[in-house]
Amino acid sequence: MNAPPAAPGLTGMADAVLSEIASLAATQAQGGGPAAVELTSMPLTAADRAEIEARLGRGEVSATIESAGRSEIWETAYSGVWFVRHLGRDGAVATETIEICPAPKILFSHPDDRRAAAARLSEDLREKAAPAA
Amino acid sequence: MAPFTIEPAPEPTLGESLQRRGISRRALLKYASYLGAVMALPASATEAFAEGLANARRQSVIWLHFQECTGCTESFTRSFSPTLESMIFDLVSLDYLETLQAASGEAAEEARLKAMADNKGKYVVVVEGAIPAKDGGVYSTIAGQTNLDMLRDTVKDALAVVAVGSCASFGGIPKANPNPTGAGPASQFVTDKPVINIPGCPPIAESMAGTIAYMISFGKLPELDRLGRPKAFYGETIHDRCYRRPFYERGEFADSFDDEGARRGYCLYKVGCKGPVTYNSCATLKWNGGTSFPIQSGHGCLGCSEPDFWDQGGFYRPLSAPLRDMGLPLAAAGAAGLALGAGAAWTARRHLANLSAEPPKPEGGKS
């Protein structure tokens, strides 16, 4: 028979997830590749999720992205361990992922977007420089 | 002199199309992360998923309504608003969908025929509803054509068929005993194309969107179970992922819907929950924008994503009671779980896993 949860709503899953994150962070620190722990599809209670977020804490970097809804990203108190939260309809959480990497990919601009942006910027400057008709 | 013709511009890729609207690739990466999460794809696949979507062109989809209530279309369309979840509509071209299309009558049917001709061998047919076959299929006709004839006519040049909902997947309520119209699922009548089943009454919107997006991005079918369902969404039972599972493990059950156990949120197994034998993602994806799912609202799972769920002997009859069409191991395992708690529960889980075990399916094979 399982022991009852230690606190209301806590199932013990938070400890398991944090252990996995610690293991992945250790691997990353020794030269391993990026890794991620997807929280969304795990059978976590709201208390479990809050526990994971609270124990990872907040670090020096945070960012928001407005693209197909809002995204909130922050480095946790542990360097290289990032919390990535994508919000969907009505601000509801669509996904929550712990990424173990130098920085999450979604913060980087895509090469195709950079090419299009460079062309657009040049075009905008040409239009400004052209004499008015 | 050759006649002067203007070649139509090639259809832009999804990435180009979004870029023209000022939407960056981050949106696709975010969408891929979202679908990858609900499909339990490895995080390393997210970038490839996003790149695949960016380089694909809009997928032509012909959506056929047969014997059904249109609840699946409601689930697919009403679950979305212009945010992350609605991006599936950037990926597909719904060339024929009676519920939503503006055209009617002959113009509507011409749209279907044009989409078939323009995208020969490349379009996906979504089937919603069962197909009545008795008496030549006369029990349901559209524009004077039986559902059976329309299905065969539309599917002949299709890339694949996606059967959405339990009616199209397994016959559903139209096929329920005594099945007066001889209704059957799409896979009964489509034997020369891949058929993917997305059952549920209705199915979860993300299951439909995720399956289609996966096909567009990776150019292949997702891995299917023995019933032709994508394992990503139907790989585990409701019971496996249920937040009330710890009560089951401890032998704590509601005996009726108004007793102390029900008020305490105990396991609903004894009041008929079919979660242990039902493969679906309701417990994780949930409904109404992730608000809840039936068990969270205090009602047991009906098992709507399993074949013949309507004829399984009663929604409020516990699984340990004799069940029609369900083998002894399952009923016995359920009873053992009730009696013995955690140990027996894991035994039951193994039995259930064995029930769902299937040989590897050849990629692109029929369901």
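**Exercise 1. Decide whether A:Ala68 is buried or exposed in this predicted model, and describe its backbone.**

Step 1. Begin with the surroundings: A:Ala68 has 27 C-beta neighbours inside 10 Å. A residue is called buried once 20 or more other C-beta atoms lie within 10 Å of its own, and therefore A:Ala68 counts as buried.

Step 2. Next, find its place in the chain, which is the loop between S2 and strand S3 (70–75) of chain A.

Step 3. Finally, look at the backbone, where phi of A:Ala68 is near 55°, a positive value in a residue other than glycine.

**Exercise 2. Carry out the analysis for B:Asp135: is this residue buried or exposed?**

Step 1. B:Asp135 has 10 other C-beta atoms within 10 Å. Since a residue with 12 or fewer is called exposed, B:Asp135 is exposed.

Step 2. The residue is found in the loop between strand S4 (131–132) and strand S5 (141–142) of chain B, and its phi is near 55°, again a positive value in a residue other than glycine.

**Exercise 3. Describe the sheet of chain A and work out which strands form its edges.**

Step 1. Five strands of chain A form an open sheet with antiparallel pairing, and their order is S1-S5-S4-S3-S2.

Step 2. The edge strands are S1 and strand S2 (62–66) of chain A, each of which pairs on one side only. On average, neighbouring strands of this sheet are turned by 20° against each other when direction is ignored.

Step 3. For a closer look at one pair, take S1(A) and S5(A), which are joined in the antiparallel sense over four bridges; here A:Ala36 has A:Glu99 in S5(A) as its bridge partner.

**Exercise 4. Describe the five-stranded sheet of chain B and name helices that pack on it.**

Step 1. In chain B, five strands form an open sheet in the order S2-S1-S3-S7-S9, and the pairing is parallel. Its edge strands are strand S2 (92–97) and strand S9 (195–198) of chain B, each pairing on one side only, and the twist from one strand to the next averages 25°.

Step 2. Strand S7 (residues 160–164) of chain B runs parallel to S9(B) and is joined to it by four bridges, with B:Ala163 having B:Asn197 as its bridge partner in S9(B).

Step 3. Helix H7 (residues 147–155) of chain B packs on the sheet and touches strand S1 (59–65), strand S3 (124–128) and S7 of chain B, while its direction makes about 170° with that of S1(B). H10(B) lies across S1, S2, S7 and S9 of chain B, running at about 150° to S9(B).

**Exercise 5. Characterise the crossing of H3(B) and H10(B), and then follow B:Leu53 to one of the residues it touches.**

Step 1. The axes of helix H3 (residues 46–55) and helix H10 (residues 205–218) of chain B come within 7 Å and cross at roughly 80°, which means that H3(B) is roughly perpendicular to H10(B).

Step 2. H3(B) makes this contact through B:Phe49, B:Gly52 and B:Leu53, and H10(B) through B:Ala213, B:Ile216, B:Ser217 and B:Phe218. By class, these residues are five nonpolar, two polar and no charged ones.

Step 3. B:Leu53 is also touched by B:Leu28, a residue of helix H2 (residues 25–38) of chain B. The two leucines, B:Leu28 and B:Leu53, are 25 residues apart along the chain, yet their C-alpha atoms are separated by 7.4 Å. B:Leu28 counts as buried because it has 26 C-beta neighbours inside 10 Å.

**Exercise 6. How many residues of each chain are in contact with the other chain, and where does the confidence of chain B fall below 50?**

Step 1. In the interface, 28 residues of chain A are in contact with 32 residues of chain B. The elements giving two or more residues to the side of chain A are strand S1 (35–38), strand S5 (93–100) and helix H3 (111–129), and this side divides into nine nonpolar, 13 polar and six charged residues.

Step 2. The model scores ipTM 0.86 and pTM 0.81, and chain B has a mean pLDDT of 83, with 83% of its residues reaching 70 or more. Over residues 322–367 of chain B, however, the pLDDT is below 50. Where pLDDT is low, the predicted coordinates should not be read in detail.

Note on methods:
Residues are numbered from 1 along each chain as its sequence is written. Chains are lettered from A and ligands numbered from 1 in the order in which they are written. This is a predicted model: local features need pLDDT of at least 70, side-chain atom pairs count only at pLDDT 80 or more; totals for chains, interfaces and linings use all residues. Axes are lines fitted to C-alpha atoms, for helices over the stretch in contact, and angles run from 0 to 180 degrees between N-to-C directions. Angles under 35 degrees count as roughly parallel, over 145 as roughly antiparallel, 65 to 115 as roughly perpendicular and the rest as oblique. Two residues are in contact if their C-beta atoms, placed from the backbone, lie within 7 Å. Ala, Val, Leu, Ile, Met, Phe, Trp, Tyr, Cys and Pro count as nonpolar, Asp, Glu, Lys and Arg as charged, and the others, Gly among them, as polar. Two strands pair if DSSP finds at least two bridges between them. pLDDT is the predictor's confidence in each residue, from 0 to 100.
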